[in-house]
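Biologist: I am new to this structure. Please take me through one part of it closely.

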Amino acid sequence: MRKYLFSAGFALLVAATSASITVMTPPAFASQIKYVVNNVPITTGDIQHRAAFLRLQRKKGDAANEMIEQTLRVAEAKRLGIRISDAQVDAAYQRFATTNKMQLKQLDGVMAQSGVGKEHFKEFIRSQMAWNQALTARHRSESGGGAMSEQDAVRRMLDKGGAKPTAMEYMLQQVIFVVPASERSATLSKRKREADAMRARFNGCNTSREFAKGLIDVTVRDLGRVLAPQLPPEWADQIKATKVGGATTTRETDRGVEFIGICSSREVSDDKAAQMVFQSEGATGKDADQLSEKYVAELRKKARIVER
């Protein structure tokens, strides 16, 4: 469901905008109640911020309608007991900045200059994270409830007329240049240069520990075998694009600076792969879009929406 959080195009656009940012006073928006959705107010300011968000994404859309639907999604997530903490939202906001090679102040500046505002963007993040969980719960409910067994996944695929699916299985190794939080501002740049240098010399998992011997605070961890649908979202695309014996680019993380080496890969076809592939496909792509639209339509039909 992570496709619902940020689009790649939006990420690139925000990154490009940050490069040309100038100091200016953020636009001031009025804040009068425009709609009340199940007793939750939506202000004209909320709608103006969302209109600015659409412009930043270069997307067409109805800002008022988006805010109404976001309010419905948030309320449904709360009804299901889904809570997204401020810490989770802040971490996602930080990841978005890091992924796009921006400092938090730069991202704050983009949001202010564009008229979106970081708080509006953070509430968008919170609503999307909560909705992802609500969609996952709905999908599981409609597919019979609970986690699907490996045998059930295979049977459902065969019933649909397909063959047992295959998935890439990777043997991975993680290299971490540790940076303590208290030293981050002083040493992060230096550690990144060191990590980039080791990554450039990486030529397979068998020699990485030898390379790390002469370096301070470097951890090499064997991650074992991982199926493609189980890859961490922040690393998945790079791992898939990297040849065996190579390594991903380095990334700044909470632990320091990291990269992942691809020790080996192979295509496997077994019940576990079927389970992973089925669950992955069942929660993404066109099916997820349709499920989301259907779910929101149901909520809207039952909602009380009053325009002031």
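Within how many Å do the axes of helix H4 and helix H5 come, and at what angle do they cross?

Modeller: Keep in mind that this is a predicted model. Helix H4 spans residues 86-99, and helix H5 spans residues 104-114. Their axes come within 9 Å and cross at roughly 95 degrees. An angle of 65 to 115 degrees counts as roughly perpendicular, so H4 and H5 are roughly perpendicular to each other. On the H4 side, the contact is made by Tyr93, Gln94, Phe96 and Ala97. H5 brings Leu104, Leu107, Asp108 and Met111. By class, this contact has 6 nonpolar residues, 1 polar and 1 charged.

Now to the sheet. It is open, has 3 strands, and follows the order E2-E1-E7 with antiparallel pairing. Strands E2 (40-43) and E7 (305-307) stand at the edges. Each has a single partner strand, so one side of each is left without a neighbour in the sheet. From one strand to the next, the twist averages 25 degrees. Strand E1, residues 33-37, pairs with E7 over 3 bridges in the antiparallel sense. Take tyrosine 35: its bridge partner in E7 is glutamate 307.

Two helices meet these strands. Helix H2 (residues 44-57) lies across E1 and E2. Its course runs at about 60 degrees to E2. Helix H3 (residues 63-79) packs on the sheet and touches E1, E2 and E7. The direction of H3 makes about 35 degrees with that of E1.

Note on methods:
Residues numbered from 1 in each chain as written. Predicted model: local features only at pLDDT ≥ 70, side-chain atom pairs only at ≥ 80, totals over all residues. Heavy atoms only, no water. Axes fitted to C-alpha atoms, helices over the stretch in contact; angles between N-to-C directions. Helix = DSSP H or I, 4+ residues; strand = E, 2+ residues; numbered from the N terminus. Parallel < 35°, antiparallel > 145°, perpendicular 65-115°, else oblique. Contact = heavy atoms within 4.5 Å. Nonpolar A, V, L, I, M, F, W, Y, C, P; charged D, E, K, R; others polar. Pairing = 2+ DSSP bridges.
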